[in-house]
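Reader: Please take me slowly through one part of this model, and explain each term when you first use it.

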Amino acid sequence: MLELVKAGGWLMLPIIASSIIAMAICVDRFLKLNPDKVAPRSLLNQVWSWLQNKQLDAAKLRELRRGSPLARILAAGLANAKHGREIMKESIEDTASLIIHDLERYLNALGTIAAVAPLLGLLGTVLGMIRVFTEIMVQGTGNAGVLAGGISEALITTASGLCVAIPALVMHRYFLRRIDEIVVTMEQDAIKLINAMHGEVQIKDSSAGKSA
């Protein structure tokens with residue numbers, strides 16, 4: 001492996017650095033974008049139970065604000081429920097926009113790595129071929145070892161760049177899809193809470209098949 005890095009030339013350094021950063025981002029987002037932690041499915045029923053039993057007080061609101069992202073969204077709506085449906089909805093949307101921004105953290109960097117890594121590999125290819133043609137001009141085609149070194153540098157950097165870019169692109173798309181699914185879930189729960197608070201529908205416990 002070390003020999004391949006040396007043969008690839010100095011451009012292997014930014015490619016390796018990109019791979020390390022991409023891996024760190026993937027691990028971080030995989031842990032942070034756990035749907036069960038971001039939007040627990042039992043949370044809405046728990047909040048509705050508190051409301052029906054008149055147990056929702058300032059202490060429980062503080063507990064919600066310190067909880068999961070969905071809990072913070074619901075807490076923002078509950079804190080402004082008395083001001084009317086539109087104010088409640090706006091407060092939920094404001095909080096949700098901040099949370100979505102946090103969920104998307106580092107994904108721009110991951111997408112940039114997916115785009116830049118193959119370009120670094122291509123640059124290595126170009127530099128390697130320049131080296132080959134320069135040696136041909138100086139020494140002719142008789143020195144096969146020098147020519148092979150330039151071609152090897154070109155191929156190694158290209159392959160390395162693609163090996164970094166392809167997984168980074170796949171994971172970037174995967175995380176964006178996961179965020180979309182989480183956002184849809186949070187949006188549905190927030191709408192259910194808004195409607196329930198203003199007497200339009202009741203929240204039903206899907207696990208029990210009846211009103212919470």
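Author: Of the contacts in the chain with a separation of 6 or more, 74% are accounted for by residues 24 or more positions apart, a contact being heavy atoms within 4.5 Å. This is a predicted model, in which local features need pLDDT of at least 70 and side-chain atom pairs count only at pLDDT 80 or more, while totals for chains, interfaces and linings use all residues. Residues are numbered from 1 along each chain as its sequence is written, and side-chain values use heavy atoms, with hydrogens and water left out.

The chain has nine helices and two strands (DSSP runs numbered from the N terminus, H or I of at least four residues for helices and E of at least two for strands). Read from the N terminus, the elements run α-α-α-α-α-α-α-α-α-β-β.

The part to look at closely is the pair α6 and α7. The axes of helix α6 (residues 69-79) and helix α7 (residues 85-103) come within 7 Å and cross at roughly 155 degrees, where axes are lines fitted to C-alpha atoms and angles run from 0 to 180 degrees between N-to-C directions. That angle is why α6 is roughly antiparallel to α7 (over 145 degrees; under 35 is roughly parallel, 65 to 115 roughly perpendicular, the rest oblique).

Where the two helices meet, α6 brings P69, R72, I73, A76, G77 and L78, and α7 brings M88, S91, I92, T95, A96 and I99. The residues of this contact divide into eight nonpolar, three polar and one charged, with Gly counted among the polar ones.

S97 also lies in helix α7, and this serine counts as partly exposed because its relative accessibility is 41% (buried is under 20%, exposed over 50%, partly exposed in between, with a 1.4 Å probe and protein chains only). Although S97 and I73 are 24 residues apart in sequence, their C-alpha atoms are 9.7 Å apart in space.

From this pair we can follow the side chains into the largest nonpolar core, a set of buried Ala, Val, Leu, Ile, Met, Phe, Trp, Tyr and Cys residues joined through side-chain atoms within 4.5 Å. Of the 42 residues in this core, V47, L64, L103, L110 and M186 touch the most other members. The elements that give two or more residues to the core are α2 (12-32), α4 (43-52), α5 (58-65), α6, α7, α8 (107-139) and α9 (144-197). Helix α9 gives the largest share, 10 residues.

M186 leads back to the helix pair, for M186 touches V38, A39, P69, L70, I73, I99 and L103, not counting residues up to four places away in sequence. Three of these partners, P69, I73 and I99, are also named in the contact of α6 with α7. Elsewhere, in helix α9, S160 counts as buried because its relative accessibility is 17%, and S160 touches M12 and I15, again leaving out residues up to four places away in sequence.

Just beyond the pair, in the loop between α7 and α8, is Y106. The phi of Y106 is near 75 degrees, a positive value in a residue other than glycine, whereas most residues other than glycine have a negative phi. With a relative accessible area of 43%, Y106 is partly exposed. K54, in the loop between α4 and α5, likewise has a positive phi, of about 55 degrees, although it is not a glycine, and K54 is exposed, with a relative accessible area of 77%.
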